[in-house]
Amino acid sequence: MARTWRIQWFVRGLGHRMSFAEAFTLNAFGEAACGLTPLRIAGEPARLGGLLRARVPATAAFVAISVEVLAAWPVIIGVAAWLGWRYAPDWWTVAGPRLHHTFHSARYWVAGIVVLSLLVWFVARPHARSVVRNLRRPIRRVMVYWRRMPLWAVLASIPCTLVNVVGRVAILPVLLLTLPSHPPLGSVAVGSFALLYSQMVLPTPSGVGAVDLGFLGGAAGDLGDDRATLLFAWRLYSTGIGVLLGVGLALRIYGWQAVRSLLFRRTAGGDQA
């Protein structure tokens, strides 16, 4: 809901309207596309396509997404800085030895994941470049919309981003509360943040391989014999449900042909798209 209001406010700040259902659907679809594609390359085109189907002009849609990203990153960095300042030393005490032991004992698995990640990166990189080129707009038209964005929309987005970040990071600590004993929750929160946001730079879809190895290897501390079950539950709540929701809503509202078009066509068609 926080992310839905956030994109709604940015679109409204540019002088356009979009219903809550449309904003919720395009966010869910974009989240699913991010989770299913290497380098998250289909996420922003999917969201942009959702904005276009909500009758938001292409340039305004592009600027709304751009401002949303730029306004979100300071909040994400701030949360990371606070977690690092408050809990990073404790996290390293809890997780450091286990991670070192895991990567040493599973060095062949680590090497295989690194090689696989590099291969995915080399294969997906040209497509990512194509998406970036297709999302470009003439700078003068973009700047017109940038100047129209009111300050209230940017300021209102800050608590929404904070709710989003804290809610996602809290999934793993809440799951660990089901255990009879668990590592300190502050240290778990640092591990949860690292596991979640490393997916934004890892080339495989949702960081598959590297994130899972880090989880099982102790990035969130010693989870005992329940770590495989907790990994499944964490993946389900942090990624799986979002993917199922996004794909289901997109198919129901847009239809299969429209979903194929939003994901695979070149998205830079201009305002007439």
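**Phe-20 and its neighbours**

I looked up Phe-20 first and found it partly exposed, with a relative accessible area of 33%. The model is a predicted one, and I read every entry below with that in mind. Phe-24 also counts as partly exposed, at 30% relative accessibility. Both residues lie in helix 2, 4 residues apart, which is about one turn of the helix. I noted the general rule beside this: an α-helix has 3.6 residues a turn, so residues three or four places apart point the same way.

I then checked the rings. The centres of the Phe-20 and Phe-24 rings are 6.4 Å apart and the planes stand at 20°, so I entered the pair as stacked. The cut-off for that label is planes under 30 degrees apart. Trp-5 joins Phe-20 and Phe-24 in one aromatic cluster. In the structure I count 7 aromatic pairs.

**Salt bridge between helix 1 and helix 2**

I searched the whole structure for salt bridges and got 7. One of them is between the side chains of Glu-31 and Arg-3, at 2.9 Å from N to O. Glu-31 lies in helix 2 (residues 20-36) and Arg-3 in helix 1 (residues 2-13), so this pair ties together parts that are 28 residues apart in sequence. I looked up the exposure of each partner. Glu-31 is partly exposed at 21% relative accessibility, and Arg-3 is partly exposed at 21% as well. Buried would need a value under 20%.

**Salt bridges at Glu-68**

Which residues does the side chain of Glu-68 meet in salt bridges? I found Arg-6, at 3.0 Å from N to O, and Arg-47, at 2.6 Å from N to O. Glu-68 sits in helix 4 and Arg-47 in helix 3 (residues 43-53), 21 residues apart, and the pair links distant parts of the chain.

For the bridge from Arg-6 to Glu-68 I wrote down the distance again, 3.0 Å. Arg-6 lies in helix 1 and Glu-68 in helix 4 (residues 58-105), so that pair ties together parts 62 residues apart in sequence.

Are these side chains buried or exposed? Arg-6 is buried, with a relative accessible area of 6%. Glu-68 is buried too, with a value of 2%. Arg-47 is likewise buried. I followed the contacts further and found Arg-6, Glu-44, Arg-47 and Glu-68 linked in a network of salt bridges.

**Helix 3 and the residue after it**

I went through helix 3 residue by residue. The helix is mostly covered, with 9 of its 11 residues buried. Among the buried ones are Gly-43, Pro-45, Leu-48, Gly-49 and Gly-50. Arg-47, the partner of Glu-68, is on that list as well.

Arg-55 follows helix 3 and is found in the loop between helix 3 and helix 4. Its phi is near 70°, a positive value in a residue other than glycine. I set this against the general pattern: most residues other than glycine have a negative phi. Arg-55 counts as exposed, at 64% relative accessibility.

**Ser-206**

I made a similar entry for Ser-206, which is not a glycine and has a positive phi of about 55°. Ser-206 lies in the loop between helix 9 and helix 10 (210-216). Is Ser-206 buried or exposed? At 9% relative accessibility I entered it as buried.

**Helix 9**

Helix 9 (residues 185-197) has 13 residues. From first C-alpha to last I get a reach of 18 Å, close to the 18 Å expected at 1.5 Å a residue. The helix is mostly covered, with 11 of its 13 residues buried. The buried residues include Gly-186, Val-188, Val-190, Phe-193, Leu-195, Leu-196 and Tyr-197.

**A nonpolar surface patch**

Last, I looked at the surface. Val-69, Trp-73, Ile-77, Met-200 and Val-201 form a nonpolar patch there, with about 450 Å² of accessible area together. I looked up one member separately: Ile-77 is found in helix 4 and is exposed, with a relative accessible area of 51%. The cut-off for exposed is over 50%.

Methods
Residues are numbered from 1 along each chain as its sequence is written. This is a predicted model: local features need pLDDT of at least 70, side-chain atom pairs count only at pLDDT 80 or more; totals for chains, interfaces and linings use all residues. Side-chain values use heavy atoms; hydrogens and water are left out. A salt bridge is a side-chain nitrogen of Lys or Arg within 4 Å of a carboxyl oxygen of Asp or Glu. Helices (H or I, at least four residues) and strands (E, at least two) are DSSP runs, numbered from the N terminus. Buried means under 20% relative accessible area, exposed over 50%, partly exposed in between (1.4 Å probe, protein chains only). The expected span of a helix is 1.5 Å times one less than its number of residues. Patches are made of residues with over 30% relative accessible area and no salt bridge: like charges are joined within 9 Å, nonpolar side chains (Val, Leu, Ile, Met, Phe, Trp, Tyr) within 5 Å. Accessible areas come from the Shrake-Rupley method with a 1.4 Å probe; for residues, only the protein chains shown count as cover. Rings of Phe, Tyr and Trp (its six-membered ring) pair if their centres lie within 6.5 Å; planes under 30 degrees apart count as stacked, over 60 as edge-to-face and the rest as tilted.
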